[in-house]
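Student: I should like to learn how to read burial, strand pairing and salt bridges in a structural model. Could we begin with burial?

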Amino acid sequence: MLITRIELQNTKSYLDDAVTFAEGTNAICGENGAGKSTLLEAIGFTLFDYLPYTQADFVREGEKTATIAVSFVSNRDGREYQVVRRCGGSSDYYVYDPEIGARVVGGKTDVLDWLKEHLGVEPSTDLTALFRDAVGVPQGLLTAAFLQIPSQRKPIFDRLLQVDEYEQIWKTLRETLRHLEDKIAESEKTIARLETQVERLPDLRQRAETLRADVVQIETRLVDLQAHLHEATAHRESLEATKKELDDLTQKVETLTARLEGIGEQLAAAEKALAQAEAAQATVEASRPGYEAYEAAQVALATLEEDRRRRDELQKELASNEKSLALAQERVKDLEADLQEIEQAQEQMESLRPHVKRQAELEAALERAREQVRALETAQAQAAERQKRLDDLQARLAAVEAGLAEADRVEAELRQAQTQLKATQETLTALTSERAALGAEMERLREQTRALETAAEYPEGEAVVCPVCEQPLTPEHRADLLARNRAQLDELRARDETLAAEIAAADERGSALEGQIQTLNAQLRDLPRPA
């Protein structure tokens with residue numbers, strides 16, 4: 001299987017992103033909290049049904065539904081498919097074929113069975129365990145399974161190595177072996193019976209010659225019967241063809257009969273409609289004179305209405321003309337008065353004409369002065385606006401410089417927190433490995449202790465070998481070893497409790513640092529950049 005693309009929507013730190021992979025080895029790098037582990041978890045959740053926490057925690061904070069789509073090329077048929085899974089507010093799980101543009105299979109059970117087939121694993125394989133213990137093991141826990149005690153280590157490797165399937169095959173083959181042994185025994189019995197029958201072989205050969213002659217006669221008779229059968233078959237096929245034609249003709253007669261009955265019903269309906277139409281035509285002919293008189297009266301009424309309308313319009317026009325005449329007479333009187341005033345104004349203009357030139361010069365000078373004042377006001381407004389803009393830019397520059405100083409401080413604090421988180425994670429990995437090794441050592445001491453305690457149950461006089469040094473075991477040596485093992489177990493338990501407390505503290509520190517890093521990243525996104 002070649003994974004080509006992962007699309008994430010509302011998934012943890014991803015809002016709507018896609019990651020494309022190439023053939024061969026792909027390296028995923030980034031800062032802590034950037035989403036590297038989310039990609040591996042998305043593959044495990046979508047293709048192997050494995051998620052180390054609840055589906056609600058897989059949804060981006062503030063969103064309702066997360067959608068993951070993993071595209072891959074199948075090893076089975078070499079085609080590219082897309083497995084889509086939603087979780088949160090709504091859930092869905094299906095396989096999509098981009099080539100045909102449709103879903104191939106849907107539902108969790110059917111999708112997982114389909115994935116097993118295209119991943120090339122056995123139908124009984126537990127995909128969740130396969131991913132957890134082999135495919136998607138975290139980097140710091142690659143060897144953790146090897147450090148566990150045998151009782152805990154065995155189930156993990158049994159699942160990976162399919163030990164149960166091999167045992168089942170062995171049991172199945174054991175039944176096959178028994179079956180073969182039974183067949184061999186039956187064959188031996190058959191051979192013995194046949195050897196007895198071989199003694200009668202000369203008589204059987206003579207009987208076989210007689211039977212061969214009978215077979216030749218039977219074969220000759222069979223040839224004659226086959227020729228007769230061929231003729232009978234040809235005759236039967238001819239009769240079947242004739243019967244088929246007869247059935248077709250019978251069906252056509254029935255169809256034509258049904259059509260004839262339908263045509264008769266249509267004819268009766270048409271005759272009835274014709275009678276109704278003739279009756280309606282007679283009624284129309286009887287009422288035609290009255291209808292024509294009604295139409296003539298309507299035409300006369302319309303003519304009278306038109307004459308009345310024209311009379312009313314003429315009366316309105318006459319009243320309007322009389323009013324316009326009265327207004328015109330009043331306007332003539334006003335114009336005569338205006339004419340007298342104009343004559344008086346002309347006399348005054350003749351007396352004021354020498355002062356008009358001086359007035360024009362003064363008005364031109366006044367207009368020039370006004371233009372200078374407007375130019376001065378415009379320049380003052382521009383200066384004030386530019387001063388205001390300068391003040392705003394200086395204030396903005398001060399704010400940006402303060403923001404840059406704050407961004408430098410936040411970046412320094414973020415780098416410090418990331419360094420602390422990395423150191424904490426390394427410490428947590430080292431503590432986890434140490435505790436796993438400590439558990440294996442404690443189990444080893446417990447097994448030695450149980451072996452030493454069991455050695456005390458042997459009868460007196462019987463030689464007992466020390467399970468530790470493989471030398472003869474004396475009661476004093478056994479007591480010393482038991483005391484030493486118990487002391488070491490006490491020390492290891494104390495160390496295990498200390499490691500558990502340190503792991504819890506480191507985990508708590510890591511969670512706090514992750515929260516601090518997220519907060520600092522949010523603050524850094526809101527602060528300005530030097531650009």
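Tutor: A residue counts as buried when its relative accessible area is under 20%, and as exposed when that value is over 50%; anything in between is partly exposed. Please bear in mind throughout that this is a predicted model.

Student: With that cut-off, how many of the twelve residues of helix 1 are buried?

Tutor: Nine of the twelve are buried, and helix 1 is thus mostly covered. The buried set consists of Thr38, Leu39, Glu41, Ala42, Ile43, Gly44, Phe45, Thr46 and Leu47.

Student: Which span should helix 1 have, and what does the model give?

Tutor: The expected span is 1.5 Å times one less than the number of residues. For the twelve residues of helix 1 this gives 16 Å, and the end C-alpha atoms lie 17 Å apart, in agreement with that expectation. Just after helix 1, Asp49 adopts a positive phi of about 55°.

Student: Glu41 appears in that buried set. Which residue does the side chain of Glu41 meet in a salt bridge?

Tutor: A salt bridge requires a side-chain nitrogen of Lys or Arg within 4 Å of a carboxyl oxygen of Asp or Glu. Glu41 meets Lys12 in this way, with an N to O distance of 3.3 Å. Because Glu41 belongs to helix 1 (residues 36-47) and Lys12 to the loop between strand 1 (2-11) and strand 2 (14-20), the pair ties together parts 29 residues apart in sequence. Glu41 is buried at 16% relative accessible area, whereas Lys12 is partly exposed at 30%.

Student: Where do Glu209 and Arg212 lie?

Tutor: The general idea concerns helix geometry: an α-helix has 3.6 residues a turn, so residues three or four places apart point the same way. Glu209 and Arg212 are both in helix 6 (residues 201-455), three residues apart, or about one turn of the helix. Their side chains form a salt bridge at 2.6 Å, N to O. Arg212 is partly exposed, at 48% relative accessibility.

Student: How many salt bridges does the structure hold?

Tutor: The structure holds 22 salt bridges. One of them joins Arg5 to Glu7, with the closest N and O atoms 2.9 Å apart. Arg5 is partly exposed at 32% relative accessibility, as is Glu7 at 28%.

Student: Let us turn to strands. In which sense do strand 3 and strand 4 pair?

Tutor: Two strands are taken to pair when at least two bridges link them. Strand 3 (residues 65-73) and strand 4 pair in the antiparallel sense over nine bridges. They form a hairpin with six residues between them, and Gly78 in the turn has a positive phi of about 70°.

Student: What joins strand 4 to strand 5?

Tutor: Five bridges join strand 4 to strand 5 (residues 92-97), and these strands run antiparallel. A hairpin of three intervening residues connects them. Within this pairing, Arg86 has Asp92 of strand 5 as its bridge partner.

Student: Is Val84 buried or exposed?

Tutor: Val84 is buried, at 5% relative accessibility. Val84 lies in strand 4 (residues 80-88), and Ala69 stands opposite. The C-alpha atoms of Val84 and Ala69 are separated by 4.3 Å, although the two residues are 15 apart along the chain. Leaving aside neighbours within four places in sequence, Val84 is in contact with Thr67, Ile68, Ala69, Asp92, Tyr93 and Tyr94.

Notes. Residues are numbered from 1 along each chain as its sequence is written. This is a predicted model: local features need pLDDT of at least 70, side-chain atom pairs count only at pLDDT 80 or more; totals for chains, interfaces and linings use all residues. Side-chain values use heavy atoms; hydrogens and water are left out. Buried means under 20% relative accessible area, exposed over 50%, partly exposed in between (1.4 Å probe, protein chains only). Helices (H or I, at least four residues) and strands (E, at least two) are DSSP runs, numbered from the N terminus. Contact means heavy atoms within 4.5 Å.
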